[in-house]
Amino acid sequence: MSEQQPILCPDCGKPVEVLMACGAKSYFCNHCNELKSSQRIRGANPDLFEEKQ
Ligand SMILES: [Zn+2]
């Protein structure tokens, strides 16, 4: 069972939509109705952005 974990908005805590554009990911929160910077998304979801080196 590998259910995909939702990426949560740093402001409201709701799942954000991931948009792929030109190879870059954008995160849009339907609740705040605005784009979130990947830096803030990463800060709010450290488990999902673990760096594997
Ligand atoms: Zn939000």
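Start with β2 and β3: select both strands and you will find them running antiparallel, joined by 3 bridges. Keep in mind throughout that this is a predicted model.

**First stop: the second hairpin**

Stay with that pair and pick out Cys 29, which stands opposite Glu 34 in β3. Now follow the backbone around the turn. β2 and β3 make a hairpin, with 4 residues between the two strands. Select Asn 33 in the loop between β2 and β3. Its phi is positive, about 60 degrees, although Asn 33 is not a glycine. Most residues other than glycine have a negative phi. Is Asn 33 buried or exposed? Asn 33 counts as exposed because it has 7 other C-beta atoms within 10 Å, and the cut-off for exposed is 12 or fewer.

**Second stop: the first hairpin**

Next, add β1 (17-21) to your selection. How many bridges join β1 to β2? There are 5, and β2 here covers residues 24-29, with the two strands antiparallel. One pair to click on is Met 20 and its bridge partner in β2, Lys 25.

The hairpin of β1 and β2 has 2 residues between the strands. Select Cys 22, which lies in the loop between β1 and β2. Cys 22 has a phi near 55 degrees, a positive value in a residue other than glycine. Cys 22 is also exposed, because it has 5 C-beta neighbours inside 10 Å.

**Third stop: the whole sheet**

Show the strands together. The 3 strands form an open sheet in the order β1-β2-β3, with antiparallel pairing. Why is one side of β1 and of β3 left without a neighbour in the sheet? β1 and β3 (34-36) stand at the edges and each has a single partner strand, so one side of each has no neighbour there. Turn the view and look along the sheet: neighbouring strands are turned by 40 degrees against each other on average, direction ignored. Strands of a sheet pair through backbone hydrogen bonds, either parallel or antiparallel.

**Fourth stop: the nonpolar core**

Now select Ile 7, Cys 9, Val 16, Tyr 27, Cys 29 and Ile 41 and show their side chains; these 6 residues make up the largest nonpolar core. In soluble globular proteins, nonpolar side chains tend to be buried together. You have already met Cys 29, as the residue opposite Glu 34.

Centre the view on Ile 7. Which residues does Ile 7 touch, leaving out those up to four places away in sequence? They are Pro 15, Val 16, Val 18, Tyr 27, Ile 41, Asn 45 and Leu 48.

**Fifth stop: Lys 14**

Select Lys 14, in the segment before β1. Lys 14 is exposed, because 12 other C-beta atoms lie within 10 Å. Beyond its neighbours within four places in sequence, Lys 14 is in contact with Leu 8, Cys 9, Cys 29 and His 31. Cys 9 and Cys 29 are both among the core residues from the previous stop. Try a distance label from Lys 14 to Asn 30: they are 16 residues apart in sequence and 8.5 Å apart in space, C-alpha to C-alpha.

**Last stop: zoom out**

Finally, show the full chain as a cartoon. Along the sequence, the pattern is β-β-β-α, from 3 strands and 1 helix. The C-alpha atoms fill a box of roughly 35 × 25 × 20 Å, taken along the principal axes. Of the 53 residues, 13% count as buried. Among contacts between residues at least 6 apart in sequence, 26% join residues at least 24 apart.

Methods. Residues numbered from 1 in each chain as written. Predicted model: local features only at pLDDT ≥ 70, side-chain atom pairs only at ≥ 80, totals over all residues. Buried ≥ 20, exposed ≤ 12 C-beta atoms within 10 Å, placed from the backbone. Contact = placed C-beta atoms within 7 Å. Core = buried A, V, L, I, M, F, W, Y, C linked by C-beta atoms within 7 Å. Pairing = 2+ DSSP bridges. Axes fitted to C-alpha atoms, helices over the stretch in contact; angles between N-to-C directions.
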